[in-house]
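Q: Please take a close look at one spot in this model and tell me what sits around it. After that, work outwards to the rest of the chain, and keep it informal.

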Amino acid sequence: MTALFEHSPWVEERADAAPSSGDRHADLMAVVHAATRAEQLALIRAHPELAGKAAIDGTLTQASAAEQASAGLDRLTPEEFARFHALNAAYRAAHDMPFIICVRLTDKAGILAAMAARAQNDTDTEIATALAEIGKITRLRLEDMA
C-alpha cells in the first residue's frame, strides 16, 4: 500500500477490492466520489494545513513535506508565515476543514490568492474543489511512482 492519500488507506483498499478499469487514477477517484460525505470530509480533514502545525513540528508525511517544499512553503518569511496562518484560520472557520490545493501546480503567491478567494465560497463548492485538488495531488504522486 502506498501513501497516495493522506492518512486514508481506505481509498486504495477499496480500489484494490473493486474490478480495475485499467486506469489506476480513475479507479481511485471513483472510490473517492462514491464515498459518503462523512468519508469525503474525513479524507479532506486528513490533509495538513499549508505551512501549518504539522510543517512546523515535522509531522508531515514525506510526500506532503516534499510538495510543500516544492512551493517554497518551507522557506517562508515571518510575514508570509503570518499570512498563511491567518488565511488557514479564516478558511477553517468558514469551512471546518483545511484548505487544499495541489501546491506542485502553483507557487506561494498563487496559493495565497486561492486561499483568500476560496474562503468566500460556499462549503459544498469547497468540498468539490478540495476533492478535485486531491485528485491532482494523487495523479502527480502516481506519476512519481511510475
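A: Let's settle one word before anything else: a contact is a pair of residues with heavy atoms within 4.5 Å. Bear in mind that this is a predicted model, where local features need pLDDT of at least 70 and side-chain atom pairs count only at pLDDT 80 or more, while totals for chains, interfaces and linings use all residues. Residues are numbered from 1 along each chain as its sequence is written, and side-chain values use heavy atoms, with hydrogens and water left out.

The spot is phenylalanine 84, in helix α6. Helices here are DSSP runs of H or I with at least four residues, strands are runs of E with at least two, and both are numbered from the N terminus. Phenylalanine 84 counts as buried because its relative accessible area is 0%; buried means under 20%, exposed means over 50%, and partly exposed is in between, using a 1.4 Å probe and protein chains only. Setting aside residues up to four places away in sequence, phenylalanine 84 touches Leu50, Ala51, Leu73, Leu76, Lys108, Ile111, Leu112 and Met115. Alanine 114 is 30 residues from phenylalanine 84 in sequence, and their C-alpha atoms are 11 Å apart in space.

Follow one of those partners, leucine 50, which belongs to the loop between α3 and α4 (53–57). Leucine 50 has a relative accessible area of 6%, so it is buried. Its contacts, again leaving out residues up to four places away in sequence, include Phe84, Leu73 and Ile111, along with Gln68, Asn88, Phe99, Ile101 and Val103. Glutamine 68 is 18 residues away along the chain, with 7.2 Å between its C-alpha and that of leucine 50.

Helix α6 also turns up in the story of α8. Among the elements covering the buried residues of α8 are α2 (24–34), α3 (37–45), α5 (62–70), α6 (78–95) and α7 (108–118). The buried set in α8 includes Ile127, Leu131, Ile134, Ile137, Leu140 and Leu142, and also Glu126, Glu133 and Arg141. Helix α8 covers residues 123–145, 23 residues in total, and its end-to-end C-alpha distance of 33 Å is close to the 33 Å expected at 1.5 Å a residue; that expectation is 1.5 Å times one less than the number of residues.

One partner on the α3 side is glutamine 40, found in helix α3. Glutamine 40 counts as buried because its relative accessibility is 8%. Outside the four places on either side in sequence, glutamine 40 touches Leu131, plus Val32, His33 and Ala35. In α8 you'll also find methionine 145, which counts as partly exposed because its relative accessibility is 48%. Methionine 145 and leucine 4 sit 141 residues apart in sequence, yet their C-alpha atoms are 9.9 Å apart.

Back at the start of the chain, serine 8 is in the segment before α1 (10–17). Serine 8 has 2% relative accessibility, so it counts as buried, and beyond its neighbours within four places in sequence it contacts Leu43 and Ala46. Histidine 7 lies in that segment before α1 too, but it is exposed because its relative accessible area is 58%.

Backbone angles next. Most residues other than glycine have a negative phi. Histidine 7 has a positive one, near 45°. Aspartate 96, also not a glycine, has a positive phi of about 55°; it lies in the loop between α6 and α7 and counts as partly exposed because its relative accessibility is 46%.

Now zoom out. The chain has eight helices and zero strands. Of its 146 residues, 45% count as buried. The radius of gyration, taken over C-alpha atoms, is 15 Å, which agrees with the value near 15 Å for a compact globule of 146 residues; that rule is 2.2 Å times the number of residues to the power 0.38. Along its principal axes, the C-alpha trace spans about 50 × 30 × 25 Å. Among contacts between residues at least 6 apart in sequence, 67% join residues at least 24 apart.
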